[in-house]
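Thanks for sharing this one. Here are a few notes to read with the structure open beside you.

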Amino acid sequence: MNVLVCDLGFSSAKWIYGERKGRIISAFRYDGDNLLIGEEALLSSGSSYLKTMEELGRYYPVFVEHCQQIAETSGEMVLAVGLPYSYWLEQNKPGGAVPAIAKALSGGAISDVAVFPQGLGGIRDYLDQASERPDGNVLGIDIGFNTVIVTLFSPARRQIIYGKTLNKRGVHQMATSFLLPRIKNLAPSGTFTPVEIAFLIEKGYLQYGFERHDVTREIHEAGVAYVEHILKDVQGELQAHVGMHADFNRVLLFGGGAALLKDDFPAKNIEVVILPEPEFANARGFLSLAGGK
């Protein structure tokens with residue numbers, strides 16, 4: 001049976017169906033009568049990005065329906081979706097949000113719904129591509145727009161040793177704390193809304209009137225500095241909760257934030273792997289976990 005993957009996050013929904021794939025910006029605008037989503041909403045006044053888990057769950061059916069239309073799906077299918085790890089772990093129980101979202105997404109051509117923890121998808125994608133099973137633990141860092149999902153995985157035991165969603169981290173924090181100070185001479189007002197920050201990161205330039213300033217180099221530098229900062233935080237988190245079992249041989253970077261690093265991260269004493277097309281790593285892993293190809 002066909003599998004449609006729709007991995008909705010706070011920056012975009014990544015979808016895969018057969019050989020096709022794409023992204024829908026996680027912006028929406030509701031004027032009381034009409035609901036717009038994606039870039040069409042982003043370009044109109046009054047739009048907003050998804051910001052909370054409640055919004056993510058409420059709008060998931062709308063984005064899945066939009067993915068079905070764009071992907072031109074046909075016949076019955078299995079739907080695979082993702083949720084931030086900590087939320088998935090907390091709500092994956094009878095009466096919790098995970099079965100509620102699965103129920104809301106089922107019906108019509110969708111015969112079954114699989115809800116996976118984001119973070120695990122990227123690790124599964126990496127293991128699927130690896131020529132041999134890695135020795136030692138693997139640390140996955142999924143960098144989203146306003147979350148960073150940490151997953152310490154043991155390939156030998158085939159299980160997650162520790163996982164956590166770090167809220168209010170990710171691309172938005174990278175931009176406000178590491179990028180904007182680098183380009184403050186190009187931003188006279190000194191402030192950006194979350195929608196403007198997302199647009200800046202997406203396009204890689206600032207434009208005022210007839211002047212356009214390319215800031216892709218500054219985005220890359222800010223991305224490298226931010227990941228180094230996150231790695232220090234994650235190491236402390238693992239030491240506090242896992243202790244002697246916190247060691248790992250390699251770090252996998254994926255998610256939309258990893259795409260800012262352009263396949264180049266100056267690692268020192270540890271192997272750091274940026275997964276191919278990192279923003280689609282979770283979706284590819286979900287496709288594999290759901291039995292698709």
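1. A word on terms before we start: contact here means heavy atoms within 4.5 Å. With that in hand, look at how helix α7 (residues 194-203) sits among its neighbours: its buried residues pack against α1 (39-42), β6 (48-49), α6, β12 (205-208) and α8. Please keep in mind throughout that this is a predicted model.

2. Which residues of α7 are buried? They are Val195, Ile197, Ala198, Leu200 and Ile201. A helix has 3.6 residues a turn, so residues three or four places apart point the same way. Just after α7 comes Gly204, with a positive phi of about 80 degrees.

3. Helix α5 (residues 120-129) is mostly covered, with seven of its ten residues buried. Alongside Leu120, Ile123, Tyr126 and Leu127, the buried set includes Gly121, Gly122 and Asp125.

4. Now to the largest nonpolar core, which has 84 residues; Leu83 and Ile141 touch the most other members. Helix α8 (residues 216-241) gives the most to this core, namely ten residues. Nonpolar side chains tend to be buried together in soluble globular proteins.

5. It is worth clicking on Leu83 to see its surroundings. Leaving aside neighbours within four places in sequence, Leu83 is in contact with Met53, Leu56, Tyr60, Trp88, Val98, Ile101, Val115, Phe116, Pro117 and Gln118.

6. Helix α8 comes up again with the aromatic rings. Five aromatic pairs turn up in a search of the whole structure. In one of them, the ring centres of Phe178 and Tyr226 are 5.4 Å apart and the planes are at 70 degrees, so this pair counts as edge-to-face. Because Phe178 belongs to helix α6 (residues 171-179) and Tyr226 to helix α8, the pair ties together parts that are 48 residues apart in sequence. Both Phe178 and Tyr226 are buried.

7. Finally, a charged residue to check: Asp142, in strand β9 (residues 138-143). Asp142 is buried but has no salt bridge, and the nearest side chain of opposite charge, Lys14, is 7.2 Å away. What does the side chain of Asp142 make a polar contact with? The partner is the side chain of Asn282, at 2.6 Å. Not counting residues up to four places away in sequence, Asp142 touches Gln118, Gly119, Thr147, Val148, Ile149, Phe254, Gly255 and Asn282. Gln118 may look familiar, as it is also among the contacts of Leu83.

Notes. Residues numbered from 1 in each chain as written. Heavy atoms only, no water. Core = buried A, V, L, I, M, F, W, Y, C linked by side-chain atoms within 4.5 Å. Buried < 20%, exposed > 50% of the residue type's maximum accessible area, 1.4 Å probe, protein only. Helix = DSSP H or I, 4+ residues; strand = E, 2+ residues; numbered from the N terminus. Lys, Arg positive; Asp, Glu negative; His and termini not counted. Salt bridge = Lys/Arg side-chain N within 4 Å of Asp/Glu carboxyl O. Polar contact = N/O pair within 3.5 Å; in protein donor to acceptor, adjacent residues only side chain to side chain. Phe/Tyr/Trp six-rings, centres within 6.5 Å; stacked < 30°, edge-to-face > 60°.
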